[in-house]
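Please look through the sequence and the model shown here before reading on. The paragraphs after it offer a guided reading for someone who has not met this structure before.

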Amino acid sequence: NPTFRKALVSVHGMRTTGAWQKEITKELQFASILYAPVDYGYALGSALRRKTADRVAERIVEEYEDIKQREPTLRISAVAHSFGTLALGRAFQRTSDMRLERAIFYASVLERKFPWSKIAARSQVLRVLNETCKGDILPKLAGLALRGPSGASGCHGFDDLAGGVVHNR
């Protein structure tokens, strides 16, 4: 469809199948946005394994590469929730060729010291909006339960703001 103006990749959290991803599909299509929801299933116990985040990160990169192959000029953004933020962060770290215009994080379980300056220096993302909620204990608990580098950036924000690229709200 040559009328696409932008593209969006979304990744849901654990203990859900991403109903919100399905709900926004029609609106995104109406806005001429090419949409690639990454759905990895309910993933409660398996989300606690590092290889699950790596597998979902690979799926994110595959969706990104598929979009670039189909429509090389599209500006691509991403939205991630909870465990999906961990997978998107791993995708950034594993694939320096991935370039996003914007990324929005909800209930992020990435570690607070995530190296956004390094990601921004490689021009992998132009702007990051991290929606935070100090009263939300789920990112704190998930950050503690997940194996590997994770944390409560969804509660307290990221420490590395990459010179203004990252905004905690």
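The text below goes from the overall composition to the sheet, then to the helices, and finally to selected residues.

The model is a predicted one. Its protein chain has 169 residues, of which 50% count as buried. The secondary structure amounts to 6 helices and 6 strands. Followed along the sequence, these elements give the pattern β-α-β-α-β-α-β-α-β-α-α-β. Contacts across long stretches of sequence are well represented: of the contacts between residues at least 6 apart in sequence, 75% join residues at least 24 apart. The surface that the chain exposes comes to about 8,500 Å², and carbon and sulfur atoms supply 53% of that area.

The sheet is the natural place to begin. In what order do the strands of the open sheet lie? The order is S2-S1-S3-S4-S5-S6, and the pairing is parallel. At the edges are strand S2 (33-38) and S6, each of which pairs on one side only. From one strand to the next, the twist averages 15°.

Individual pairings can be traced across this sheet. S1 and S3 pair in the parallel sense over 6 bridges, and Lys-6 has Arg-75 in S3 as its bridge partner. On the way to the next neighbour, S3 is joined to S4 by 4 bridges, again with the strands running parallel. Here Val-79 has Ile-104 in S4 as its bridge partner. The chain passes from S3 through H3 to S4, and this β-α-β crossover is right-handed. S4 is in turn joined to strand S5 (residues 125-131) by 6 bridges, with the two running parallel. Ile-104 appears here too, with Leu-129 in S5 as its bridge partner. Strand S3 itself is mostly covered, since 5 of its 7 residues are buried.

Helices lie across these strands. Helix H1 (residues 19-30) lies across strand S1 (6-11), S2 and strand S3 (75-81), and runs at about 170° to S2. H3, the helix of the crossover between S3 and S4, lies across S1, S3, S4 and S5 and runs at about 140° to S3.

Three residues show how differing surroundings arise within these elements. The first to consider is Glu-101, found in strand S4 (residues 100-106). Is Glu-101 buried or exposed? Its relative accessibility is 12%, and because buried means under 20%, Glu-101 counts as buried. Beyond residues up to four places away in sequence, Glu-101 touches Lys-6, Arg-75, Ile-76, Ser-77, Val-125, Leu-126 and Arg-127. Lys-6 and Arg-75, included in that list, are also the bridge partners named above for S1 and S3.

His-81 is found in strand S3. With a relative accessible area of 30%, His-81 is partly exposed. Its contacts, leaving aside neighbours within four places in sequence, are with Val-11, His-12, Gly-13, Trp-20, Tyr-106 and Ala-107. His-81 and Ile-104 are 23 residues apart in sequence, while their C-alpha atoms are 8.5 Å apart in space.

Arg-94 belongs to helix H3 (residues 83-94). It counts as partly exposed, at 44% relative accessibility. Apart from neighbours within four places in sequence, Arg-94 is in contact with Asp-54 and Glu-58. From C-alpha to C-alpha, Arg-94 and Glu-58 are 8.8 Å apart, although 36 residues separate them in sequence.

The aromatic residues complete the picture. How many aromatic pairs does a search of the whole structure find? The search finds 6. One of them is formed by Trp-116 and Phe-158, which meet edge-to-face, with 5.5 Å from centre to centre and 80° between the planes. Why does this pair tie together parts that are 42 residues apart in sequence? Trp-116 lies in helix H4 (residues 116-121) and Phe-158 in the loop between helix H6 (153-156) and strand S6 (166-168), so the pair links those parts. Both residues, Trp-116 and Phe-158, are buried. Ring pairs also link Trp-116 and Phe-158 with Phe-92, Phe-105 and Phe-114 into a cluster.

Methods:
Residues are numbered from 1 along each chain as its sequence is written. This is a predicted model: local features need pLDDT of at least 70, side-chain atom pairs count only at pLDDT 80 or more; totals for chains, interfaces and linings use all residues. Side-chain values use heavy atoms; hydrogens and water are left out. Buried means under 20% relative accessible area, exposed over 50%, partly exposed in between (1.4 Å probe, protein chains only). Contact means heavy atoms within 4.5 Å. Accessible areas come from the Shrake-Rupley method with a 1.4 Å probe; for residues, only the protein chains shown count as cover. Rings of Phe, Tyr and Trp (its six-membered ring) pair if their centres lie within 6.5 Å; planes under 30 degrees apart count as stacked, over 60 as edge-to-face and the rest as tilted. Two strands pair if DSSP finds at least two bridges between them. Axes are lines fitted to C-alpha atoms, for helices over the stretch in contact, and angles run from 0 to 180 degrees between N-to-C directions. A crossover is right-handed if, with the strands pointing away from the viewer, the path from the first strand over the helix to the second runs clockwise.
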